[in-house]
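Let's take a walk through this one together. Have the sequence and the 3D view open side by side as you read.

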Amino acid sequence: VNMVITKNLARLGRDYIETGRYIETYFPENEIRYIAILDDVDTYLDKNCDTIAFKNIMNDFYAKETSKNVKKTKNRKKKEGFYYASYAPFGYKKIDKAGHLEIDEVAADTVRRIFKEFIDGKGTYQISQLLNEEKVITPGLHMNMTGVLNNITNTTNLWTHTAIRRILENPAYIGTIVQNKRKKISYKSKKMIALPKEQQIITEKHHPAIIKQEIWNMVQEKLKKCEGEKIKEEDPLLKSLVYCYHCHNKMQFVKKQDKYKDKITIRKYFICATSRRKITNRTCTNRCYINYEQFEKNVIEKISSVFEQYINSEAFNDKKLLDDLIKS
């Protein structure tokens, strides 16, 4: 390339620093002639080159002001209820350009089932496995079938625990939309940063709800309790329920295999999670190990003892009191 021609300087670029670097350094070093037709610039003839820097600054300023105005208009529209999204959340469909939503009953039934399964005690991984076994249509496949999106990948037809959690945490299912969750750090950069909740635009009762408010609250409370806790299918019943007496932090369940003379022994025990950490703002000197199997046995015996005392008590034979307990 020995010549670059653009309609004007703005077509080469609006970032005055980068545009100036090309015109002042890169093009001369590589013997490239630059011409901007409408701005009457020609570096070979040194024609109007003295005003290039000022014009580049004005072009950059124009881009900055345009970006500001577009953001202001979008934010105003968002506050009025305009839903800026490429496509509707799974369970809904867009009915106009303003982003108004209506319920897609086929997908909405799947959303209701996910919330129900989670309340009934299943984890996100278990729900995803169940839906995959029954070949329930995923959000990706649903968008392809309805013509919203045309992008098939290796995981489009598979439910994942991440997809389940996103559905459980999405307030759109109670009729609330949250916008301005992230923003670009600058009009010159594509990097996004998360915004605090007070800067987000939240519009309640924007569209019909799929999930009732009380069910939503129960799910969020349960998700909060399970935060940071991974439950596997083979995990013990008491995992995440046992706390250290000294520092009140959760006890960590540990499973180890010991091999001695071709004999493998599996040991299960609890130990204080705080005492195992090298760097923590809590302190705990309790390094004792609690045998899990013996601990579980003691807990079950204690529960059985309490039940036995209750069954043998007069309260258990009081039909009215028993009915009141069942109703409560």
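**From the whole chain to one sheet**

Start with the inventory: the chain has twelve helices and twelve strands. Keep in mind that what you're looking at is a predicted model. Of the 328 residues in the chain, 30% are buried. The exposed surface comes to about 23,600 Å², with carbon and sulfur atoms supplying 52% of that area. As for contacts, take those between residues at least 6 apart in sequence: 51% of them join residues at least 24 apart.

Now zoom in on one sheet. Three strands make it up, in the order E10-E11-E12, and the sheet is open with antiparallel pairing. Strand E10 (251-260) and strand E12 (290-291) sit at the edges with a single partner strand each, so one side of each has no neighbour in the sheet. As a reminder, strands of a sheet pair through backbone hydrogen bonds, in either a parallel or an antiparallel way.

Let's follow the E10 and E11 pairing. These two strands run antiparallel and are joined by ten bridges. Together they form a hairpin, with two residues between the strands. Look at Lys 261 in that turn: its phi is positive, at about 55°.

Next, go to E11, which covers residues 263-272 and pairs with E12 in the antiparallel sense over two bridges. Which residue in E12 is the bridge partner of Tyr 269? That's Asn 291. Looking towards E10, you'll find Val 254 standing opposite Tyr 269 of E11. Tyr 269 therefore makes a handy landmark for tracing the sheet, with Val 254 opposite it and Asn 291 as its bridge partner in E12.

Terms used:
Residues are numbered from 1 along each chain as its sequence is written. This is a predicted model: local features need pLDDT of at least 70, side-chain atom pairs count only at pLDDT 80 or more; totals for chains, interfaces and linings use all residues. Side-chain values use heavy atoms; hydrogens and water are left out. Two strands pair if DSSP finds at least two bridges between them. Helices (H or I, at least four residues) and strands (E, at least two) are DSSP runs, numbered from the N terminus. Buried means under 20% relative accessible area, exposed over 50%, partly exposed in between (1.4 Å probe, protein chains only). Contact means heavy atoms within 4.5 Å. Accessible areas come from the Shrake-Rupley method with a 1.4 Å probe; for residues, only the protein chains shown count as cover.
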